[in-house]
Amino acid sequence: VLWSVEDGCGNLSTCEYLFRLEDCKKPTPICVGLSSVVMPSSGSVTIWAADFDSGSSVDDCTTHDYLLFSFSGTTYQPSRVFDCDAIEANGSPSFLLEIWVADEGNDLNCSGRTLPLVGVLDTTGIQWNERNKDFCTTFIVIDDNELVCGDGAGGVIETEDQESVELVTVNLTNPATGEIVSSYMTTENGLFHFVNPLLGYEMTSARNDDHKNGVSTLDLVKIQKHLLGIQLLDSPYKLIAADANNSESVSALDLVEIRKLVLGLYTEFPQTESWRFVAGNFTFADPTHPWPFKEIVDVQALTMGHDFVGVKIGDVNGNVVANAAQVQVRNVKGVLEFFTDVQTVVSGQSVNVPVRAKNFANILGYQFTMNTTGLTLIDVEAGALDMTAENIGVHNGAITLSWNKVSPVSSNDVLFTLTFVATENGDLSKMLNISNNAKLTEAEAYNANEEILEPVLRFNLTRVPLEFALYQNEPNPWNGSTTIHFDIPEPGVAKLTVFDGTGRVLMVHEGEFNAGSNSIAIQKKDFSCAGVLYYRVDYDQYSATKKMLRVE
């Protein structure tokens, strides 16, 4: 700048001053994240800093095309290699990044400005440290779906008996915000696997369905024995299972909750979910009092082995069906025959039904659904058994019964008496029957050895059959399951054979049976054939064949 000063006499003086204009304003970077960069099979991928530019980064003096992008503010790093080693060093495939944006800058060292190249640092002119810079923080997630860099993080969920647990939702949660960042549901193998989890998260598991799965009156027997000190529950997981009211203890209140579930008065436990999951690496300080226990796994490494132990609430004898592939063994050792008198009833009549059993010997407990067509229960009176209203659930067209003792009971007397009011005329033998109703209460009884017997209701049966006899399967026709009843005069081996119309054998069941009435249950899964089928029971020199119909 040249200043000229002249006075009135024409004297002129000048002053010259050199100054420079410099751009000191930083650019405004605007970044985007890259959440799905696929790791190639080579295990290495090169990413450019400019890839994170949203296209809206601006500067006051430099056009967008001449802005430079770098992974570093101190040196110019326009690209960066992400490989398996980088993921391991980072501890996660999710990287937080600073993306630096630089303008054309000022030639502070007077090295001489040259025409800059678009998106490239001009090393002969303005250097990196002569540029105005600012950064934005963003992220990149390297998606290693092919597991080039390893197995990710995961584990397995099994019961104490090492049965895989399916349908478990495993959640990854950000402990700082409580936000669920990812979920996985286990299949029948119980495995779960997160390919690219963030580190520093919490893993939890949950399943809350089919509360009655694995729960029966036999569980009440075992819990009651534990409470009385007769036979203690021998693992912390069984104690957790027994805590049906979620009180962190086992008490008589748990018996009340479980019996209501068995009787169908509850469809689910009101104070707990159907499953609880204990962290696999948790060590119980006191196995006889396992509360509180750890249900959260802190994951800090991309490894397998973040396991859980699944505990089915209410099931202390371990017969829960935890996955679709699990084979449920229900080995029925015989029949427990309840019987009462044949009666003809009239609508409006009060009907007393005394119930006896011809082979009630060393029985620990029983449960079943009794269909009550045309009858309404109004009372139950104890007999040889202390049956009360707490042992009975009343439903539409049915009642459910659950009774147990810690010591086996034997009796030939009236066990209990049910009092009904008839709502229609009929024959009592056609109005009452015991059914194996899985939706309400399955039919089971237990002897002193905790073996399963099948409860049935007979009318006017007073002695053990002394002859061999084979009866029609019930129900017939059938689809899901049916039961074949037969009588043998003495204990011995009997064999059931099922075959089709061509004589092709579909299944064979052979076993030891008691004298008197016996039964064998057939399930849909036992064979795939449908239509008219035949079954034969062979015992000693006796043999009999009957026909049945299976429908699809």
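**Disulfide, aromatic pairs and buried elements**

One disulfide is present in the structure, which is a predicted model. The bond joins Cys31 and Cys136, with a separation of 1.5 Å between the two sulfur atoms. Cys31 is located in the loop between strand E2 (12-16) and strand E3 (34-38), whereas Cys136 belongs to strand E8 (residues 133-143), so the disulfide ties together parts of the chain that are 105 residues apart in sequence. Cys136 is buried, its relative accessible area being 11%.

Cys24 and Cys61 were also examined for bonding. The cysteine sulfur closest to that of Cys24 is in Cys61, at 9.8 Å, which is too far for a bond. The closest cysteine sulfur to that of Cys61 is likewise in Cys24. As a disulfide requires sulfur atoms within 2.5 Å, the distance of 9.8 Å rules out a bond from Cys61 to Cys24. Cys24 is exposed, with 58% relative accessible area.

Aromatic pairs number 23 in the model. In one of them, Phe82 and Phe95 are arranged edge-to-face, with 5.1 Å from centre to centre and 70° between the ring planes. This pair links distant parts of the chain, since Phe82 is in strand E6 (residues 79-83) and Phe95 is in strand E7 (residues 94-102), 13 residues apart. Both Phe82 and Phe95 are buried. A further edge-to-face pair is formed by Phe360 and Tyr366, because their ring planes meet at 80°, with the centres 6.5 Å apart. Phe360 has a relative accessible area of 3% and is buried; Tyr366 is buried as well, at 0% relative accessibility. Phe360 and Tyr366 belong to one aromatic cluster together with Phe338, Phe368, Trp403 and Phe416.

A ring is also involved in an arrangement with a charged side chain. The charged end of Lys133 is placed over the ring of Trp128, at 5.4 Å from the ring centre.

Tyr366 recurs in the surroundings of Ala445. Ala445 is part of strand E27 (residues 444-447) and is buried, with 0% relative accessible area. Leaving aside residues up to four places away in sequence, Ala445 is in contact with Leu336, Gly365, Tyr366, Glu451, Ile452, Leu453 and Pro455. Ala445 and Gln367 are 78 residues apart along the chain, yet their C-alpha atoms are separated by 6.3 Å.

Strand E27 is also among the elements against which the buried residues of helix H2 pack. Helix H2 (residues 217-227) has eleven residues, nine of which are buried, so the helix is largely enclosed by the rest of the structure. These buried positions are Thr217, Leu218, Asp219, Leu220, Val221, Lys222, Ile223, Lys225 and His226; charged residues are thus included, among them Asp219, Lys222 and Lys225. Besides E27, the packing partners of the buried H2 residues are helix H3 (236-242), helix H4 (252-262), strand E20 (363-372) and strand E23 (398-409). Just after H2, a positive phi of about 75° is found at Gly229.

Key:
Residues are numbered from 1 along each chain as its sequence is written. Side-chain values use heavy atoms; hydrogens and water are left out. Helices (H or I, at least four residues) and strands (E, at least two) are DSSP runs, numbered from the N terminus. Buried means under 20% relative accessible area, exposed over 50%, partly exposed in between (1.4 Å probe, protein chains only). Rings of Phe, Tyr and Trp (its six-membered ring) pair if their centres lie within 6.5 Å; planes under 30 degrees apart count as stacked, over 60 as edge-to-face and the rest as tilted. A charge sits over a ring if NZ of Lys or CZ of Arg is within 6 Å of the ring centre and within 35 degrees of the ring normal. Contact means heavy atoms within 4.5 Å.
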